[in-house]
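Thanks, everyone. I'll take a few minutes on this one, pocket first and then a sheet. Please have the viewer open.

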Amino acid sequence: MKLYEIVNSLSLEVKTPSLDLNKEVTGGYVSDLLSDVIGNSKKGNVWITLQTHQNIIAVATLRDMSGIILVNGRNPDVDTLLKAAEQGIPLMVSSLPAFELVGRLYSLGIRCQ
Amino acid sequence: MDNKVAEGVFFLTGKDFSNAGAASSNLKGVLEGMSVQPDIIRRAAIAAFEAEMNVIIYAVAGMMHYYITPETIRIVVKDMGSGIPDIGLAMTEGYSTAPDYIREMGFGSGMGLPNIKKNTDRLDLDSVVGGGTTLEFIIYLNKDSKGAKNETL
Amino acid sequence: MTLDEIKNTLNAAVLSKREDMNLNIVRAYCADLMSDVLAFSITNSLLITHLTNAQVIRTAEIADVKTIVFVQSKRPDIETIALADTKNIPLLVTDLSMYEACGKLYEKGLRS
């Protein structure tokens, strides 16, 4: 499934309008612990988190993730937005809690291999 | 609740993560013992817990005093820490100076003070850089108390 | 959903002694940031987390979280399990990732 399809299905707010959303999403990963994401996420995963700190962009870049979805309507820090655009990591926001958002992604067929 | 008053104090030690939260847990027990409404207990316990964690994370040591009357729960947390240079910034959701190891423990996400504010009816924060921080908050127990929020009591 | 159904859905092990497997859970919440649990979780809910330290148990107690599921085979130490026992908070551990655990429980009807 492509990232833009997820954005449309779940009405996500895109915070990085300059970036291409025509990326393949290989699976989902939900965690608020950066070390855990570095250790366990997979290439092309979309990452669901509460963390808004700019370090999330470095982690997503390192793991070659397809994008980051912030939950509970959390707004990214300015530094995070700048880094996201610079590194080409699409950043989206959902007003839903993580559990609910993951449930809906799961219903769309996105898994965590 | 019963027409009782209670007060007490807990001593908090910085970086003592194995006991972090124990004071707030005890306070919750005290409030339950006084038959305070569950949603009021939850608000007081959450605010106390966040304040306690702030001392554990950021200060060398501190004290948490509580004063309960039939009208109010008042909690004063005084610490020996480095103080807060910019209180406005510290009250901003998501702003945090916590090091990575604190974040990896599930804390320091910049939600502590906003959470305290959200759960209390009055909040005063007084901090001196290099001298420590005093945080005082009040939760009203009755609907008609001055300034009480529209909570179901 | 009962604790027993949750256990079966997640193929989880129960770590605590005093569990009531008929305990009914209707809401779930996943997070690794404890302030978020305090700010947004609903009372009498299930918390799904990667963290296994004692503060998670304290947070659950303060926020009136009924039960905790640890994901990715992460097990707390004996002291933490004992603390949860004294607070009457059943602990479950599953090999699943947090993502899969949330997805499977959502599929079975749990909501936030």
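One definition before the pocket: helices here are DSSP runs of H or I with at least four residues, strands are E runs of at least two, and both are numbered from the N terminus. Also, keep in mind that this is a predicted model.

So, the largest pocket. Its volume is about 610 Å³. Which residues lie closest to its centre? Of the 33 that line the pocket, those are B:Asn54, B:Tyr58, B:Ile84, B:Ala90 and B:Leu113.

By element, at least two lining residues each come from α2 (38–58), β3 (72–80), α3 (87–90), α5 (112–119) and β5 (132–140) of chain B. The largest share belongs to α2(B), which supplies seven residues. Sorted by class, the lining holds 18 nonpolar residues, twelve polar and three charged.

Now over to chain A. There, five strands make up an open sheet with mixed pairing, and the order across it is β1-β5-β4-β3-β2. At the edges sit β1 (13–14) and β2 (27–30) of chain A, each paired on one side only.

Further in, take strand β3 (residues 45–49) and strand β4 (residues 67–70) of chain A: they run parallel and are joined by four bridges. If you want a spot to click on, A:Trp47 is opposite A:Ile68 in β4(A).

What packs on this sheet? Helix α5 (residues 98–107) of chain A does, touching β2, β3 and β4 of chain A. The direction of that helix makes about 155° with that of β3(A).

That's what I have.

Note on methods:
Residues numbered from 1 in each chain as written. Chains lettered and ligands numbered in written order. Predicted model: local features only at pLDDT ≥ 70, side-chain atom pairs only at ≥ 80, totals over all residues. Heavy atoms only, no water. Pairing = 2+ DSSP bridges. Contact = heavy atoms within 4.5 Å. Axes fitted to C-alpha atoms, helices over the stretch in contact; angles between N-to-C directions. 1 Å grid on protein atoms, 1.4 Å probe; cavity = no way out; pocket = protein on both sides within 12 Å on 5 of 7 lines; lining within 4 Å. Points joined across faces, edges and corners; volume = space filled by probe spheres on them. Nonpolar A, V, L, I, M, F, W, Y, C, P; charged D, E, K, R; others polar.
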